[in-house]
Amino acid sequence: MAQLSDDCFAFGGPMMRVDEALAIITSRLTPVEDIERVELSTADGRVLAADVIAPIDIPSFMNSAVDGYAVRGEDIPANAARAFRVQDRVAAGVSAREAIRPAHAIRIFTGAPMPPGTDTVYMQEDVELSENGTVLLPPGLARGANVRLAGEDIAQGAIALPGGRRMRPQDVAMAAALGLTELTVRRRPRVAVFSTGDEVVAPGEVRTAAQLFDSNRTMLSAMLRRLGCEVVDLGILRDDRAALAAALKQAARECDLILTTGGVSTGEEDHVRAAIETVGSLVLWRMAIKPGRPVAMGVIGGTPFIGLPGNPVAGFITFIYVAQPAILTLAGASVASPVPLRVRAEFDYRKKAGRREYIRVMLKQGADGLFGVVKFPREGAGLLSSLVQTDGLVELGEDVSGVKPGDLLNFLPYSSLL
């Protein structure tokens, strides 16, 4: 478990930029130390604990990239087509029985090892077959054409997959091509999630007229699982300071991170803040981000605590830009900003300079084939429909003061954020 000092997240500035928050988080936290071996079939989504060094070349032998005819480079016709006698036939998974003879060709198929002495392959559609067992090869083919060299994909001894890589299906395929059956990965971060307050009930429970169904905890849990976390669901903790404090203290002993939304401001009914301050420390970050300005960072028994805003849209966005970097750092994964796509604005908007804003938008393809974005018609950080009915976010940097139709904007599809 992380063992952080109580003041490690302290920040003295009046307003924190998103980049400052990211720098503080990634510099204060360290990856979980526990590592384990997992079967390749279960490695998708796991974080590599060390570089994977290629034990073999890929491909491990020179082979044909096409179906055709293998020849020696020095026999390639220079000026006119020439007939070659077909000496042998080599299929994938079979080696040639002998080296090629001068002025001969060997019928070969995709993936088959190149016969000794050959270095070039004619594609079958570029040649003419005759009934007397010869093949007419045209002039001008470059020596080495249509051949895959041993190690041209990955050379033996090279880093095939870097440590810190969150495994994807293509990464699993690379490990399989190397003949590996297991990988060394870091333990999944254990993240405790809870909701608080007498005003929320779990879906399926009886709800009074003054209560709401708990949606934030469900959203956070789903986002955590997408990041490969082990979620420890503490449920709904009621507005009892002592009970809250005890639950948080227990979670700190068992988990790598504690995460929640709401209840950490300065109001009389914000019991989470008071409970945390009895068992640890808490500092409110006023971030220059909309939606999502108030974010709480704290430490309970050496374990980090993150309190996101209670409004679901603000909680979603601050999870992406605050909690996600913390979780990836704990997981030992590389932290990289998503690459935005350039799209055309089809709306007017004014914003305050000096803060970063994320606008919920729908993609729309214009008559010219280019994509534009339309702003969700209603404002409000509490509108779950604005996340469900849109395609992603437009990022407006701190120096931007407004948007006009036709402006080029940075668009982040939801699929790129998690």
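This is a short talk on the pockets, one helix contact and a few backbone details of a single structure.

Hi everyone. Before we start, keep in mind that this is a predicted model. I'll begin with the open spaces.

The largest pocket has a volume of about 780 Å³. It is lined by 31 residues, and the closest to its centre are Leu 328, Ser 334, Ala 336, Ser 337 and Pro 338. Which helices give two or more residues to that lining? They are α1, residues 18-28, then α6, residues 312-331, and α8, residues 414-417. Helix α6 gives the largest share, with 5 residues. If you sort the lining of the largest pocket by class, you get 17 nonpolar, 7 polar and 7 charged residues.

Now the second largest pocket, which holds about 380 Å³ of space. Here 21 residues make the lining, and the closest to the centre are Thr 196, Glu 199, Val 200, Asn 216 and Gly 310. Strands β13 (190-196) and β15 (212-213) each supply at least two residues of this lining. What does the mix look like by class? For the second largest pocket it's 5 nonpolar, 11 polar and 5 charged.

There's a cavity too. Searching the whole structure for cavities of 30 Å³ or more turns up 1, and there is about 40 Å³ of space in it. Its lining includes Arg 186, Arg 187 and Arg 188, along with Gly 45, Arg 46 and Val 47. Also on the list are Pro 189, Leu 227, Gly 228 and Ala 331. That lining divides into 4 nonpolar, 2 polar and 4 charged residues.

Let's go back to α6, and to how it packs. In general, you describe two packed helices by the angle between their axes and the distance between those axes. The partner here is α3, residues 216-226; the axes of α3 and α6 come within 11 Å and cross at roughly 35 degrees. The crossing is right-handed. On the α3 side, the contact is made by Asn 216, Met 219, Leu 220, Met 223 and Leu 224. On the α6 side you'll find Pro 312, Gly 315, Phe 316, Phe 319, Ile 320 and Ile 327. How many residues of this contact are charged? None: the split is 9 nonpolar, 2 polar and no charged. You may remember Asn 216 from the second largest pocket, where it is among the residues closest to the centre.

Next, aromatic pairs. The count comes to 3. One of them is Phe 9 with Trp 285, an edge-to-face pair at 6.2 Å centre to centre, with 80 degrees between the planes. This pair links distant parts of the chain: Phe 9 sits in the segment before α1, while Trp 285 is in strand β18 (280-286), 276 residues apart.

Last topic, the backbone. As background, most residues other than glycine have a negative phi, and most peptide bonds are trans. So where should you look here? The bond from Ile 58 to Pro 59 is cis, with omega near -10 degrees, and Pro 59 lies in the loop between β2 and β3. Another cis bond joins Lys 290 and Pro 291, with omega about -10 degrees; Pro 291 is in the loop between β19 and β20. Then there's Ala 103, with a positive phi near 60 degrees. You'll find Ala 103 in the loop between β5 (82-90) and β6 (104-108).

That's my tour, thanks for listening.

Methods
Residues are numbered from 1 along each chain as its sequence is written. This is a predicted model: local features need pLDDT of at least 70, side-chain atom pairs count only at pLDDT 80 or more; totals for chains, interfaces and linings use all residues. Side-chain values use heavy atoms; hydrogens and water are left out. On a 1 Å grid over the protein atoms alone, a cavity is a set of points where a 1.4 Å probe fits but cannot get out, and a pocket is an open set with protein on both sides within 12 Å along at least five of seven lines; lining residues have an atom within 4 Å of a point. Grid points are joined across faces, edges and corners, and a volume is the space filled by probe spheres set on the points. Helices (H or I, at least four residues) and strands (E, at least two) are DSSP runs, numbered from the N terminus. Ala, Val, Leu, Ile, Met, Phe, Trp, Tyr, Cys and Pro count as nonpolar, Asp, Glu, Lys and Arg as charged, and the others, Gly among them, as polar. Axes are lines fitted to C-alpha atoms, for helices over the stretch in contact, and angles run from 0 to 180 degrees between N-to-C directions. A crossing is left-handed if the near helix is turned anticlockwise from the far one by less than a right angle, and right-handed if clockwise. Contact means heavy atoms within 4.5 Å. Rings of Phe, Tyr and Trp (its six-membered ring) pair if their centres lie within 6.5 Å; planes under 30 degrees apart count as stacked, over 60 as edge-to-face and the rest as tilted.
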